[in-house]
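Trainee: I would like to go through this structure term by term. Please start with the words I need before any claim is made.

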Amino acid sequence: MSVNGLPPYDPQNIFARILRGEIPCKRVHEDEFALAFHDINPLSPTHALVIPKGAYVSAADFHAGASDAEIAGFWRAVGQVATSLGLEASGYRLLANMGEDAGQEVPHFHVHICGGRRLGRMLSPG
Ligand code: AMP
């Protein structure tokens, strides 16, 4: 299923290049459906990114186009990574930026896992 209004997937985006092994990453988890690695510019003491292995620009693209197995596998990986990073007891935030208003820098769907300190308000007021 296609999703209207999305840019086409750019296979040269940096996360696609990480998935192909063209650029290194500090990997924390990898399985059939997902790759997780530390953010190169962490905004919290623990800041990891989880990306699906498939070529999806956004959450809408991913959930419309991915198989049930891909979707389940991806979200299972998100939970496993948060646990393996030791964040369950203290808490953490999942965050995903989509498109211009959210300031998405890398056009490959990804979820940030941030924790390790009090993270403050979810958003600054407009
Ligand atoms: P977003 O603004 O949600 O698209 O976030 C993209 C994130 O990717 C930012 O937090 C960047 O610091 C991070 N990032 C960009 N390039 C790399 C890289 N080569 N390795 C790890 N993280 C990266």
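Mentor: Buried means under 20% relative accessible area, exposed over 50%, and partly exposed in between, with a 1.4 Å probe and protein chains only. Helices (H or I, at least four residues) and strands (E, at least two) are DSSP runs, numbered from the N terminus. This is a predicted model, in which local features need pLDDT of at least 70 and side-chain atom pairs count only at pLDDT 80 or more, while totals for chains, interfaces and linings use all residues. Residues are numbered from 1 along each chain as its sequence is written, and side-chain values use heavy atoms, with hydrogens and water left out.

Trainee: Why is β3 called largely enclosed by the rest of the structure?

Mentor: Seven of the seven residues of β3 are buried, so the strand is largely enclosed. On one side these are Thr-46, Ala-48, Val-50 and Pro-52, and on the other His-47, Leu-49 and Ile-51. In a regular strand the side chains alternate between the two faces of the sheet.

Trainee: How do you know that β2 and β3 pair?

Mentor: Two strands pair if DSSP finds at least two bridges between them. Strand β2 (residues 34-38) and strand β3 (residues 46-52) have five bridges, in the antiparallel sense, so the definition is met. Leu-35 has Ile-51 as its bridge partner, and Ala-34 stands opposite Pro-52. β3 also pairs with β5 over five bridges, antiparallel again; there the partner of Val-50 is Val-111.

Trainee: What makes β1 and β4 edge strands?

Mentor: The open sheet has the order β1-β2-β3-β5-β4. β1 (27-30) and β4 (92-95) each have a single partner strand, so one side of each is left without a neighbour in the sheet.

Trainee: How do you know that the length of α3 agrees with the expected span?

Mentor: The expected span is 1.5 Å times one less than the number of residues. For the 17 residues of α3 that gives 24 Å, and the end C-alpha atoms are 24 Å apart, so the two agree. Among the buried residues of this helix are Ile-71, Phe-74 and Val-78.

Trainee: What makes the atom pair between His-110 and the ligand a polar contact?

Mentor: A polar contact is a pair of N or O atoms within 3.5 Å; within protein, one must be able to donate a hydrogen and the other to accept it, and residues adjacent in sequence count only if both atoms are side-chain atoms. A polar side-chain atom of His-110 lies 2.8 Å from an oxygen atom of the ligand, so the pair is within the limit. For Asn-97 the distance to a ligand oxygen atom is 2.9 Å.
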